Amino acid sequence: MIYVIACVAAIAGLLFGYDEGIIAGALGPLHAQFHISPLQEGLMTATVPLGALVGAVIGGWLAAPLGRRSLLMGAAVLFVVGALICALAPGIVVLSLGRLLLGFAIGVAALIAPLYISEMAPARIRGMLVSIYQLAITLGILGAYLVDFAVGDSWRLMFATAMVPGAMLLIGVWFLSDTPRWLVLHGRRQEASEVIAQVHGRGPADPAVAGELSAIEYAARAETSTAGWHELLTPLVRPALLVAAGLFLLQQLSGINAVIYFAPTVFGRAGFDNAGSQLLATVGIGVVNVLMTLVAMALIDRIGRRPLMFIGFAGAALSLGLIAVAAGTGAAGLQWLSLIGLVLYIASFAIALGPLPWVMMAEIFPLRLRGLGMGAASLANWGFNFLVVLTFPVLLETLGLAGVFSIYALVCVAGLVFAARYVPETSGLTLEEIEAHLKAGKPFRSLAPMPKAA
Ligand code: BGC
């Protein structure tokens, strides 16, 4: 059963990555067919994060009344419809509207899927499942790049293929039930007990099942005083909000989606002058992203969040700096220096800046405010994603590759300072230990795992 849940997570992550990545290969053929200004290009590309921003807010709001399962199914339908609109679009206005709808579906799914998993999964493997979600995002991006590469100039086919994972999500969710927690909140105790029994592979009369059910009922009773957004700003919770939203701000302003959404354009600027080699290099970026996410999964609980974060920000700052210097000085071999720089950048991103904000946002908020806190962090994710994607084509035109990448490099330097000053070490700690530290009003940064007794 738990594997089915992991699959749902994976499909939602796949869709997220797929719809992000597909535009990279579509931009070339779209430019060949329509006259598109840099601002229009930015707008058309940024409709996905913009739609996602709205989807995250509305999804968070409807999760309680409608249920996690219904919302995931609704999102899956929108994925299919949005992909169809994009594939049949007569021009870039309709295409942008289709992408807005896709973005909305991503926003809903990207909020509900992790929520669904965390409410379903046994605590001991929750962290691993969150990282699987990021892995699926990277696989979705790679899948999109491969499709871009395989179908040549047919941008309609590129968008049409996005219907496949959408339909997979619809079929997958069809067979799942809602989470025990949501069922309890809606007075469906018996069903809740059956779902818990299924997840644990035990009979409904098993004491462990009854124990979990009463823990959920207890927590549900405590929830009758509805948590409000303003509580995220109270002195005890603010440090968690700062870390979660700050990490997403830095993740996005490090320029990741300038690369993910516009990789062939970037390679074009760096001297790869035919579309085939640009797309091949882009596929290479997708592969490194997947492989290094696997490395991150192996390291995240072993060497800890903070060391990984320092490696990530330092590597990203250096590699972006390398590309900026090479592009700014017109260095001989710019093509290869940029390729090396981009590979190192993606590796640094994937090993830390990619998974860590997702993992940490799910562990640092107190239970009562976890949903709201994750919603606020998602807003930061999509808001800054939108900003970067919208501004990149215009910045590239006005400042050139060297100028834009210098800005992203500086953000990564700021990331080092932010990590040093504000980010706590949470590896090896239970969610309750993290919550107790926060509630005691001690500096959040001083949180660290207890040294193991010899
Ligand atoms: C980010 C996405 C990004 C992806 C790249 C995710 O963690 O939120 O914006 O495109 O990583 O792998």
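Helices here are DSSP runs of H or I with at least four residues, numbered from the N terminus. I keep that numbering throughout these entries, and I note at the outset that the model is predicted.

**Entry 1, the second largest pocket.** I looked up which helices build its wall, and found that helix 1 (2-33), helix 2 (38-66), helix 5 (126-150), helix 12 (256-269), helix 13 (275-299) and helix 17 (370-422) each supply at least two residues of the lining. Helix 1 provides the largest share of that lining, namely six residues. The space in this second largest pocket comes to about 430 Å³, and among the 23 residues that line the pocket, those closest to its centre are L27, G28, H31, T265 and Q278. I then sorted the lining by class, which gave eleven nonpolar, seven polar and five charged residues.

**Entry 2, the cavities.** I next asked how many cavities of 30 Å³ or more the structure holds. There are three, and the largest cavity has a volume of about 170 Å³. Its lining consists of 17 residues, with E20, Q134, I137, N257 and F349 lying nearest the centre. Helix 1, helix 5, helix 11, helix 12 and helix 17 are the elements that give two or more residues to this lining, and helix 5 gives the most, with four. By class I recorded seven nonpolar, nine polar and one charged residues in the lining of the largest cavity.

**Entry 3, the ligand.** Where does the ligand sit? The space it takes is the largest cavity, so I went back over the surroundings from the ligand's side. I found 13 residues around the ligand, the closest being E20, Q134, Q251, N257 and W358. Helix 5, helix 11 (238-253) and helix 17 each supply at least two residues of this shell, and the largest share, three residues, comes from helix 5. Sorted by class, the shell around the ligand has three nonpolar, nine polar and one charged residues.

**Entry 4, contacts with oxygen atoms of the ligand.** I checked which protein atoms approach the ligand's oxygen atoms, and noted that a polar side-chain atom of Q134 lies 2.8 Å from one oxygen atom, while a polar side-chain atom of N289 lies 3.1 Å from an oxygen atom. At G354 the approach is made by a backbone N or O atom, which lies 3.4 Å from an oxygen atom of the ligand. Finally I looked up how much of the ligand is covered, and the protein covers 100% of the 310 Å² of accessible area that the ligand has on its own.

Methods
Residues are numbered from 1 along each chain as its sequence is written. This is a predicted model: local features need pLDDT of at least 70, side-chain atom pairs count only at pLDDT 80 or more; totals for chains, interfaces and linings use all residues. Side-chain values use heavy atoms; hydrogens and water are left out. On a 1 Å grid over the protein atoms alone, a cavity is a set of points where a 1.4 Å probe fits but cannot get out, and a pocket is an open set with protein on both sides within 12 Å along at least five of seven lines; lining residues have an atom within 4 Å of a point. Grid points are joined across faces, edges and corners, and a volume is the space filled by probe spheres set on the points. Ala, Val, Leu, Ile, Met, Phe, Trp, Tyr, Cys and Pro count as nonpolar, Asp, Glu, Lys and Arg as charged, and the others, Gly among them, as polar. A residue is near a molecule or strand if one of its heavy atoms lies within 4 Å of it. A polar contact is a pair of N or O atoms within 3.5 Å; within protein, one must be able to donate a hydrogen and the other to accept it, and residues adjacent in sequence count only if both atoms are side-chain atoms. Accessible areas come from the Shrake-Rupley method with a 1.4 Å probe; for residues, only the protein chains shown count as cover. A molecule sits in a cavity or pocket if more than half of its atoms lie within 2 Å of its grid points.
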